[in-house]
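Student: Please take me slowly through one part of this model, the place where the side chains pack together in its interior. I would like to follow the packing residue by residue, and then see what lies around it.

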Amino acid sequence: MFGQFVEKRESMQTNNKMAVAPVGKLIWQMSIPPLISMFLQYSYNLIDSAFVARLSENALTAVSLSFPITTLMNATSIWIGVGVNVLIAGYLGQGKQNEANTTVTHGLLLAFGIGALLNLLSLLIMKPYFRAFTNNEEIYQLSLAYMSICSFMQIPNMVHIAIQKMIQATGNMIAPMWFQIAGVVVNFVFDPLLIFGIGVFPAMGIRGAAVATVAGYLLSMILAFALLLGKKQ
């Protein structure tokens, strides 16, 4: 009888730590990794700015003018991701596994759809947007060169944040942090390689910073999908 009770309790701890773990321990375990992830999410523009500033002041201005658009993209991604997170966590808490699974499917479809829509929207508005903020032709052309590539970050950005929040809803905070870190590392490594043309890489200037940013988000999305599909969550 006692052995069955211990086995049942161990099973609960394995399957649902949210129900049995001490609250204080849970707060630390579930707050620090997302805090790091959020910081890293907004480090892309900081890293791009640090390297692009070595090209010229106008190049740095161009990246800075793009920052409100990319911030809006990130905010929309987090908005969708948090909504999916709350629904999944609620369903899992109620023991409604099928509803949680359905929310994952709908969340991924929504992330792809809105990501594609924002991608298209940013391409449509960037010319009047940049023209409204500068009359300097060089800054204008640099801004278009950067944002015309950076716009394509939105689908992988939207999808990887949606998956990140889905996995966090199960209580797993560590894995989403690591695929966020992987994307930032790719951006940090490839920024100087592609901007300045180091080694076998071509010198792409400000476009190189945009390519490195998109590559970072794309890697995060691939790792997120691999975790979601490759291991039972």
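Tutor: A good place to enter is isoleucine 206, which, once its neighbours within four places in sequence are set aside, is in contact with Val52, Leu55, Ala59, Ala62, Val63, Leu142, Ala145 and Tyr146; contact here means heavy atoms within 4.5 Å. Please keep in mind that this is a predicted model, in which local features need pLDDT of at least 70 and side-chain atom pairs count only at pLDDT 80 or more, while totals for chains, interfaces and linings use all residues. Residues are numbered from 1 along each chain as its sequence is written, and side-chain values use heavy atoms, with hydrogens and water left out.

Ile206 belongs to the largest nonpolar core, a group of 30 residues in which Val52, Phe130, Tyr146, Met147 and Ile206 have the most contacts. A nonpolar core is a set of buried Ala, Val, Leu, Ile, Met, Phe, Trp, Tyr and Cys residues joined through side-chain atoms within 4.5 Å, where buried means under 20% relative accessible area, exposed means over 50%, and partly exposed lies in between (1.4 Å probe, protein chains only). Two or more residues each come from helix H4 (43-52), helix H5 (57-93), helix H6 (97-133), helix H7 (137-150), helix H9 (174-196) and helix H10 (206-230); helices (H or I, at least four residues) and strands (E, at least two) are DSSP runs, numbered from the N terminus. H7 gives the most to this core, with 8 residues. In soluble globular proteins, nonpolar side chains tend to be buried together.

From H7, the residue to follow is tyrosine 146, which counts as buried because its relative accessibility is 1%. Apart from residues within four places in sequence, Tyr146 is in contact with Asn45, Asp48, Val63, Ser66, Ile206, Ala209, Ala210 and Thr213. The C-alpha atoms of Tyr146 and Ala59 are 9.2 Å from each other, with their positions 87 residues apart along the chain.

One of those partners, serine 66, sits in helix H5 and is buried, because its relative accessible area is 0%. Residues up to four places away aside, Ser66 touches Phe130, Ser143, Tyr146 and Met147. Its side chain also reaches the backbone oxygen of Ala62 at 3.0 Å, a polar contact, that is, a pair of N or O atoms within 3.5 Å in which, within protein, one must be able to donate a hydrogen and the other to accept it, with residues adjacent in sequence counted only if both atoms are side-chain atoms.

Moving outward from this core, serine 43 lies in helix H4 and counts as buried because its relative accessibility is 8%. Tyrosine 42 belongs to the loop between helix H3 (23-41) and H4, and it is partly exposed because its relative accessible area is 29%. Beyond its neighbours up to four places away, Tyr42 touches Thr71, Asn74, Ala75 and Ile78.

Elsewhere in H5 is isoleucine 80, which is buried because its relative accessible area is 7%. With neighbours within four places left out, Ile80 is in contact with Leu110, Ile114 and Met158.

There is also a pairing of helices to consider. The axes of helix H8 (residues 154-168) and H10 come within 8 Å and cross at roughly 35 degrees; axes are lines fitted to C-alpha atoms, for helices over the stretch in contact, and angles run from 0 to 180 degrees between N-to-C directions. By class, the contact of H8 with H10 has 12 nonpolar, 3 polar and no charged residues, where Ala, Val, Leu, Ile, Met, Phe, Trp, Tyr, Cys and Pro count as nonpolar, Asp, Glu, Lys and Arg as charged, and the others, Gly among them, as polar.

To place this part in the whole, the chain has 10 helices and 0 strands, and 45% of its 233 residues count as buried. Among contacts between residues at least 6 apart in sequence, 74% join residues at least 24 apart. The C-alpha atoms fill a box of roughly 80 × 35 × 30 Å, taken along the principal axes.
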